[in-house]
Amino acid sequence: MINLFKAYKFRIYPTNEQIEKLNQHFGHTRFIYNLFLEFSSNAYKNTKAYTNYNMWARVLVALKKTEKYQWLKDVNSQSLQQSIKDLETAFKRFFKKQSKYPKFKKKSNKQSFRVPQHIQLYEKEDNNKYGILSIPKFTEGIKVRVHRKIPSNAKIKSCTITKTTTDKYYVSILYEIDENIPMRDIDYENSLGIDMGLKDIVVLSDGIKYQDPKPLAKLEKKLERKQRSLSRKVKGSKNRNKARLEVAKIHEKIRNIRTDFQHKLTKTISENQADVFFVETLNIRGMLQNHKLAKNISDASWYQFKTLLKYKAERLGKKVIEIGMFEPSSKTCSVCGYKNKDLELSDREWVCPECGTKHDRDINAAINIRQFGIDKYTSKQSKELQLVPA
């Protein structure tokens, strides 16, 4: 048995009074985040001094005792603390060069706050899909649609309440679950190579192709029309807010179509008989500099695909391994090893001048990705065996 953390996302339906209270939490946590972001930025700018969570927490306690900031007591104190913990995480990611410098949070963007404890989800009986969510500062529970069955041994660790740009409310509850993960003897020969592309989002080394639904391309004209309408509205007017909601709903639909497709696709692939899935490492940020392909690359969302595939494969005791970024998977003949240096991006098929094999560019790349992965890990295992003393 292994302890796993799983998040379950449910839609909630707060009353008008609860919406006012939720907005209060969104506003207060956003204010605290922005306040300490400005505080830490000014501290470094003026004195070259670094600040951290412990200092911010002490200042936060002192602020709540002052008459000017008494209103901070209206919301859950631990949610305010979680806000500055998120800021500390953002700074750590910046210093590790994993993300850019933290930005100020805006009221017009997606809103959220976290609750670390004292959370209960009461599911109604008689197969009723609706339950009640109980969190601090909300005397009456919030109505929640429980569309998924939660394991009986699951323990709630925390939850995050979110308000989307389309004014929908969700709760993501993090559970700790004792789960049996099958132990497998990994056989690298029993593997699949995965080539990621634009027309076919995924091509497997066994010849199976999965076509990209391209949700952005399908809804692009409608999105452009709504965005033009939004640009003509007067800032601050009710009509502009209505137009903003229409644009946000299209973006939400695009995101939902893409996420739904990728969840289904990664589930299908992860349940394949293979023990190992080899995927290519892509410099997505660099590829986005190509303005002719940037929109299609963003629409494909390769990073999300790999993230979903990894955790689903790991729960089945399988592995997802990335090969080197500069492996010539497309230009190498998977039969004889000849390298076609003249191969262009527009060449979808090519014939090897050495062995005469006709290649489908993407299937050939997927086969090579699998072979590069096998060669890399078999050689690694042989080196480890040589280092073990007799």
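In the predicted model, Phe 95 belongs to helix α3, which covers residues 77–95. Phe 95 also contributes to a nonpolar surface patch, together with Tyr 44 and Tyr 50. The area of this patch is about 360 Å². Ser 79 is likewise located in helix α3. In contrast to the patch residues, which lie on the surface, Ser 79 has a relative accessibility of 1% and is therefore classed as buried, the limit being under 20%. Leaving aside residues up to four places away in sequence, the contacts of Ser 79 are with His 25, Thr 29, Phe 113, Arg 114 and Val 115.

Helix α1 comprises residues 16–47, 32 in number. At 1.5 Å a residue, a span of 46 Å is expected for α1, and the C-alpha atoms at its ends are indeed 46 Å apart, so the two values agree. Lys 48 follows α1 and has a positive phi, near 60°.

Helix α8 was examined in the same manner. Its 13 residues, 302–314, should span 18 Å at 1.5 Å a residue, and the separation of its end C-alpha atoms, 18 Å, agrees with this. The buried residues of α8 are Trp 302, Phe 305, Lys 306, Leu 308, Leu 309, Lys 312 and Ala 313. Viewed down the helix axis, the buried residues of α8 occupy an arc of 165° and therefore line one face of the helix. In an α-helix there are 3.6 residues a turn, so residues three or four places apart point the same way. Tyr 303 and Glu 314, on the other side of α8, are exposed.

Positive phi values also occur in loops. Most residues other than glycine have a negative phi. Lys 97, which is not a glycine, has a positive phi of about 60°. This residue is part of the loop that connects α3 to β2, the latter being residues 111–115. With a relative accessibility of 77%, Lys 97 is classed as exposed, since the threshold is over 50%. His 118 is a further non-glycine residue with a positive phi of about 60°. The loop that holds His 118 runs between β2 and β3, where β3 is formed by residues 120–123. The relative accessible area of His 118 is 58%, and His 118 is therefore exposed.

Another loop, between β12 (319–323) and β13 (349–351), contains Ser 346. Ser 346 is exposed, because its relative accessibility is 60%. Along the chain, Ser 346 and Arg 148 are 198 residues apart, and a distance of 45 Å separates their C-alpha atoms.

The structure contains 15 salt bridges. One of them joins Glu 176 to Lys 157, with 3.6 Å between the closest N and O atoms. This pair connects distant parts of the chain, 19 residues apart: Glu 176 is in strand β7 (residues 169–179), and Lys 157 is in strand β6 (residues 155–163). The two partners fall into separate accessibility classes. Glu 176, at 19% relative accessibility, counts as buried, because the limit is under 20%. Lys 157, at 38%, counts as partly exposed.

A salt bridge is also present between Glu 271 and Lys 267, whose closest N and O atoms are 3.0 Å apart. Glu 271 has a relative accessibility of 46% and is partly exposed. Lys 267 is partly exposed as well, with a relative accessible area of 45%.

Glu 349 and Lys 358 form a further salt bridge through their side chains, with an N to O distance of 3.6 Å. Glu 349 is partly exposed at 47% relative accessibility, whereas Lys 358, with a relative accessible area of 59%, is exposed. Elsewhere, Lys 306, Lys 310 and Glu 322 are joined into one network by salt bridges that share partners. Of these residues, Lys 306 is also among the buried residues of α8.

Key
Residues numbered from 1 in each chain as written. Predicted model: local features only at pLDDT ≥ 70, side-chain atom pairs only at ≥ 80, totals over all residues. Heavy atoms only, no water. Patch = residues over 30% accessible without salt bridge, like charges linked within 9 Å, V, L, I, M, F, W, Y side chains within 5 Å. Areas by Shrake-Rupley, 256 points an atom, 1.4 Å probe, with all protein chains shown as cover. Salt bridge = Lys/Arg side-chain N within 4 Å of Asp/Glu carboxyl O. Helix = DSSP H or I, 4+ residues; strand = E, 2+ residues; numbered from the N terminus. Buried < 20%, exposed > 50% of the residue type's maximum accessible area, 1.4 Å probe, protein only. Contact = heavy atoms within 4.5 Å. Expected span 1.5 Å × (residues − 1). Arc of directions from axis to C-beta.
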